[in-house]
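Hello,

Please find the structure below. My notes follow it.

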Amino acid sequence: MTRMLHVPSLLVLVLALVLTPGSAAAWEPTKPIEFVIPAGTGGGADQMARLIAGLAEKHKLSPRPIIVVNKSGGAGAEGFLHVKGKKGDAHTIIITLSNLFTTPLHTGVPFNWKDLTPVARLALDRFILWVNAETPYKTAKEYIAAVKEKPTTMKMGGTGSAQEDQIITIQVEQALGLKFIYVPFKGGGEVCVNLVGKHVDSTVNNPIECVSHWKAGRVRPLAVFDPERIPDADWKDIPTVKEALGLDVQYNMLRGIFGAPDMPQEAVDWYIAFLKKVTDTPEFKEYLSKGALKSAFATGPEYVKWLEGAEQLHKDLMTKGGLLKK
């Protein structure tokens, strides 16, 4: 009889353990993840997003597939507004470049990075001054001298209007008293193709966007917009802009991930863990090295603090360059 009395107590204990919230399985995706790229195909953001999706499948890092979608309209505004409209969605993420700041500042589009859910900063991307390899310019000084000889006729290609590439171009113009014809394109891959095709005289592309053409002998890097030379073996001989031209012009671009507004914290935690696994793979590390990107993984308050500083920096640079929406 005594043993019979203990059975209900045992059942209660088992049920309590089963129903305790802490014992529930951690969140993970239950349907395909939409991975938005607010830029065109072939550029740095597009390449990184597709690499992440491919590594997730190769190493079985996600229980559901990652579907990459390009939404480049309005200098990325199409992509940002699309994700902004998915409040609470745990299955939509977006890769961001610095048009996260420049597009709303220049266009007035109703969007701010604070509308989204910060997940992780993966890397920082450098910029390089490139010319076509068939031109006679072997150094940045030689190219700038040619620009001064032909004022307002030399074309500088870049990704989008009032975006990172044009900000750098304006900084160079103001520092050296030059004037380029700035020619915007939809994506960094398209920019380099047009340099190869001699439709522009120079570009300030990210390394990853021109590396294949460089290795094929079609384009030539003249200077990197960073305080230090790129340490990777393939890139270390390219001088900084300060070394090449005496200019203190430097710029790094965000490669970060955001979720939809009000994404559940358990989903954010899953994406952070997922992205850490991706960035720890040999393939991703090789991608950073070959593309001359800086590894800069950050999450939580550290990421938010960096975003706040970057937003103010872009506001200052765009004010100086006359690129803010009037």
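**Cavities, a sheet and one glutamine**

The second largest cavity is lined by Leu 129, Ile 144, Met 156, Val 172, Phe 180, Phe 225, Val 241, Leu 245 and Leu 247. Keep in mind that this is a predicted model. By class, that lining has nine nonpolar residues, no polar ones and no charged ones. The volume of this second largest cavity is about 50 Å³.

How many cavities of 30 Å³ or more does the structure hold? There are three. The largest cavity has about 100 Å³ of space. Its lining takes in 16 residues. Those nearest the centre are Leu 97, Thr 159, Gly 188, Asn 206 and Glu 209. Three elements give two or more residues each to the lining of the largest cavity: helix 2 (44–58), helix 6 (164–176) and strand 10 (253–259). What is the make-up of this lining by class? Five residues are nonpolar, seven are polar and four are charged. The lining of the second largest cavity, again, has no polar and no charged residues.

Next, the sheet. It is open and has five strands, in the order 7-6-8-5-9. The pairing is mixed. Which strands form the edges? Strand 7 (181–185) is one edge and strand 9 (219–224) is the other. Each of them pairs on one side only. In general, strands of a sheet pair through backbone hydrogen bonds, either parallel or antiparallel. Strand 6 (residues 155–159) and strand 7 run parallel. Five bridges join them. For a specific pair, look at Gly 158: its bridge partner in strand 7 is Pro 184.

Last, Gln 166. This residue is found in helix 6, one of the elements that give two or more residues to the lining of the largest cavity. Is Gln 166 buried or exposed? Its relative accessible area is 16%, which is under the 20% cut-off, so Gln 166 counts as buried. A polar atom of the Gln 166 side chain lies 2.5 Å from the backbone nitrogen of Ala 162. What else does Gln 166 touch, leaving aside its neighbours within four places in sequence? Gln 166 is in contact with Ser 161, Tyr 182 and Leu 323.

That is what I have for now.

Best wishes

Notes. Residues are numbered from 1 along each chain as its sequence is written. This is a predicted model: local features need pLDDT of at least 70, side-chain atom pairs count only at pLDDT 80 or more; totals for chains, interfaces and linings use all residues. Side-chain values use heavy atoms; hydrogens and water are left out. Two strands pair if DSSP finds at least two bridges between them. Helices (H or I, at least four residues) and strands (E, at least two) are DSSP runs, numbered from the N terminus. On a 1 Å grid over the protein atoms alone, a cavity is a set of points where a 1.4 Å probe fits but cannot get out, and a pocket is an open set with protein on both sides within 12 Å along at least five of seven lines; lining residues have an atom within 4 Å of a point. Grid points are joined across faces, edges and corners, and a volume is the space filled by probe spheres set on the points. Ala, Val, Leu, Ile, Met, Phe, Trp, Tyr, Cys and Pro count as nonpolar, Asp, Glu, Lys and Arg as charged, and the others, Gly among them, as polar. Buried means under 20% relative accessible area, exposed over 50%, partly exposed in between (1.4 Å probe, protein chains only). A polar contact is a pair of N or O atoms within 3.5 Å; within protein, one must be able to donate a hydrogen and the other to accept it, and residues adjacent in sequence count only if both atoms are side-chain atoms. Contact means heavy atoms within 4.5 Å.
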